[in-house]
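Let's take a walk through this structure together, beginning with how its helices pack and ending with a few individual residues. Please keep the model open beside you as you read.

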Amino acid sequence: MSTLARAKVQAKAHPLAVDAVLATAVLACMVAGSFVEPRHRDTVSWALRTPDPLSLVLMVLGAAALVFRRRAPMTVLALTGTVSVVESVTGDPRTPVAMSAVIALYTVASTTDRPTTWRVGLLTTTVLTGAAMAAGPLPWYAQENLGIVAWAGIGATAGDAVRSRRAFIQAIRERAERAERTREEEARRRVAEERLRIARDLHDVVAHHIALVNVQAGVAAHIMDKRPDQAKEALAHVREASRSALNELRATVGLLRQSGDPEAPTEPAPGLDRLDELAGTFRNAGLRIEVARTDQGIALPAAVDLAAYRIIQEALTNVQKHAGPNAKAEVSVVRVGPNIEITVLDDGSGEDADPGSGGGHGLLGMRERVTALRGTLTTGPRYGGGFRIHAILPVKNRTPTGEDPA
């Protein structure tokens with residue numbers, strides 16, 4: 001830290017000591033000025049004189065008041081203004097007691113707003129100048145009287161300039177701090193959104209494939225002894241489902257790799273073009289599914305395509321887990337105006353569902369995906385039994401930030 005910087009820190013830490021030093025310097029200037037008397041004849045000359053005791057007392061009072069100028073600026077200005085008026089009326093020749101009032105006026109201007117500075121400055125100038133012109137020993141047009149106006153104006157202007165600069169620097173500092181907080185909050189928000197998206201994808205992948213593995217493993221265990229050929233086929237489906245789960249997990253976790261890690265898989269994210277393949281995996285697990293589509297040939301944004309696929313995947317997984325062994329599912333994908341509508345129905349009762357399979361985050365994940373695309377999701381039981389999931393996704397991306405949620 002430089003010497004100047006250390007001095008500034010010490011001055012801020014001990015303002016009363018700084019004001020005491022300033023008051024001493026002002027007193028020295030006033031006393032030195034009181035021993036000089038200007039003479040106006042053919043030319044301007046100076047002569048030595050001895051100040052009156054009253055003038056010395058007024059100078060001491062005015063300088064002493066400046067020690068407390070930061071604690072009570074208005075009171076100090078009133079006190080220094082009073083002693084200046086007394087000196088203007090009684091002093092002959094006059095001594096520079098008004099210097100203390102100028103310093104006090106500067107302090108008021110640097111610590112208040114501009115309207116207050118104008119009002120106080122005009123009042124101080126009017127009182128000091130008016131008293132000197134009306135009751136002083138000099139003629140009203142004397143240079144000493146007019147000089148009071150100039151010195152008061154300089155004090156008020158300098159104080160206002162210091163206040164403006166201080167406010168400008170404070171505004172820049174607050175703007176920089178606010179921008180820094182905004183950047184940090186934006187970074188935290190993006191991290192939270194990315195964590196939520198990865199968690200949602202992991203849930204969708206794991207819930208779907210593990211449900212299929214669970215069903216096929218149960219079938220294989222049940223028919224292993226009586227029908228080994230069908231058991232072998234069920235185990236093949238288990239192997240295929242686990243392989244697909246590993247591939248999708250590898251692709252999702254690849255997003256978390258560091259720059260020096262091996263490259264992540266380049267397989268594209270799943271979409272509605274793989275809907276038939278998705279339905280086939282559930283049919284192999286024993287679930288009856290009917291698929292109806294009127295959106296063939298429509299190019300969807302990547303975020304909408306992925307969300308539609310994941311919603312259907314999660315809905316069918318819930319049917320497989322909760323609707324019972326004899327449930328039937330119906331999937332429809334329809335283009336309606338600017339939206340794509342996805343409906344998944346089942347007629348299961350849910351009575352034979354695994355009691356420990358509840359409490360997941362499937363519906364919450366669906367709702368988050370739909371909300372991210374500014375769509376709507378409706379879920380609930382059907383009249384007469386079963387469950388219904390209906391999602392409306394805008395084909396055009398209308399997220400608040402204008403960014404692709406994918």
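Before we look at any pair of helices, one definition is useful: an axis here is a line fitted to C-alpha atoms, for a helix over the stretch in contact, and the angle between two axes runs from 0 to 180 degrees between N-to-C directions. Please also bear in mind that this is a predicted model.

With that in hand, turn to helix 2 (residues 15–34) and helix 5 (residues 98–111), whose axes come within 9 Å and cross at roughly 145°. The crossing of this pair is right-handed. From helix 2, the residues Leu22, Val26, Cys29 and Met30 take part, and they meet Met99, Ser100 and Ile103 of helix 5. Sorted by class, the contact of helix 2 with helix 5 has six nonpolar residues, one polar residue and no charged ones.

Now that you have seen one pair, the overall setting is worth a glance. The protein has 406 residues, and 35% of them count as buried. Its secondary structure comes to 11 helices and seven strands. Among contacts between residues at least 6 apart in sequence, 68% join residues at least 24 apart.

The next pair to find is helix 4 (residues 73–90) with helix 6 (residues 114–135). Their axes come within 8 Å and cross at roughly 15°. Angles under 35 degrees count as roughly parallel, so helix 4 is roughly parallel to helix 6. The crossing of helix 4 and helix 6 is again one to label by hand, and it is right-handed. On the helix 4 side, the contact is made by Met74, Leu77, Gly81, Ser84, Val85, Ser88 and Val89, while helix 6 brings Thr116, Val120, Thr124, Val127, Leu128, Ala131, Ala132 and Ala135. By class, the contact of helix 4 with helix 6 divides into 10 nonpolar residues, five polar residues and no charged ones.

Moving along the chain, you reach a stretch that carries a label from a record. An unreviewed UniProt entry annotates residues 169–196 as a "coiled-coil region". In the model, this span is 100% helix and 0% strand, and its end C-alpha atoms lie 40 Å apart.

Further on, helix 10 (residues 302–322) and helix 11 (residues 362–372) pack at an angle of about 165°, with their axes 10 Å apart. Angles over 145 degrees count as roughly antiparallel, so helix 10 is roughly antiparallel to helix 11. Helix 10 passes helix 11 in a left-handed crossing. Leu306, Ala307, Arg310, Ile311, Glu314, Ala315 and Asn318 of helix 10 meet Gly362, Leu363, Met366, Arg369 and Val370 of helix 11. This contact of helix 10 with helix 11 holds seven nonpolar, two polar and three charged residues.

Stay with helix 10 for a moment, since glutamine 320 lies there. Is glutamine 320 buried or exposed? Its relative accessible area is 16%, and buried means under 20%, so glutamine 320 is buried. Leaving aside residues up to four places away in sequence, glutamine 320 touches Val215, Phe282, Ala285 and Leu287.

Valine 291 is another residue to pick out, and its place is in strand 3 (residues 288–293). At 30% relative accessibility, valine 291 counts as partly exposed. Not counting residues up to four places away in sequence, valine 291 touches Leu275, Ala279, Arg283 and Val331. Valine 291 and valine 344 are 53 residues apart in sequence, and their C-alpha atoms are 9.3 Å apart in space.

Our last stop is arginine 374, in the loop between helix 11 and strand 6 (376–381). Most residues other than glycine have a negative phi. Arginine 374 has a positive phi of about 65° although it is not a glycine. With a relative accessible area of 45%, arginine 374 is partly exposed.

How values were computed
Residues are numbered from 1 along each chain as its sequence is written. This is a predicted model: local features need pLDDT of at least 70, side-chain atom pairs count only at pLDDT 80 or more; totals for chains, interfaces and linings use all residues. Side-chain values use heavy atoms; hydrogens and water are left out. UniProt positions are given in the numbering used here, feature names are shortened, and annotations may be inferred rather than shown by experiment. Helices (H or I, at least four residues) and strands (E, at least two) are DSSP runs, numbered from the N terminus. Angles under 35 degrees count as roughly parallel, over 145 as roughly antiparallel, 65 to 115 as roughly perpendicular and the rest as oblique. A crossing is left-handed if the near helix is turned anticlockwise from the far one by less than a right angle, and right-handed if clockwise. Contact means heavy atoms within 4.5 Å. Ala, Val, Leu, Ile, Met, Phe, Trp, Tyr, Cys and Pro count as nonpolar, Asp, Glu, Lys and Arg as charged, and the others, Gly among them, as polar. Buried means under 20% relative accessible area, exposed over 50%, partly exposed in between (1.4 Å probe, protein chains only).
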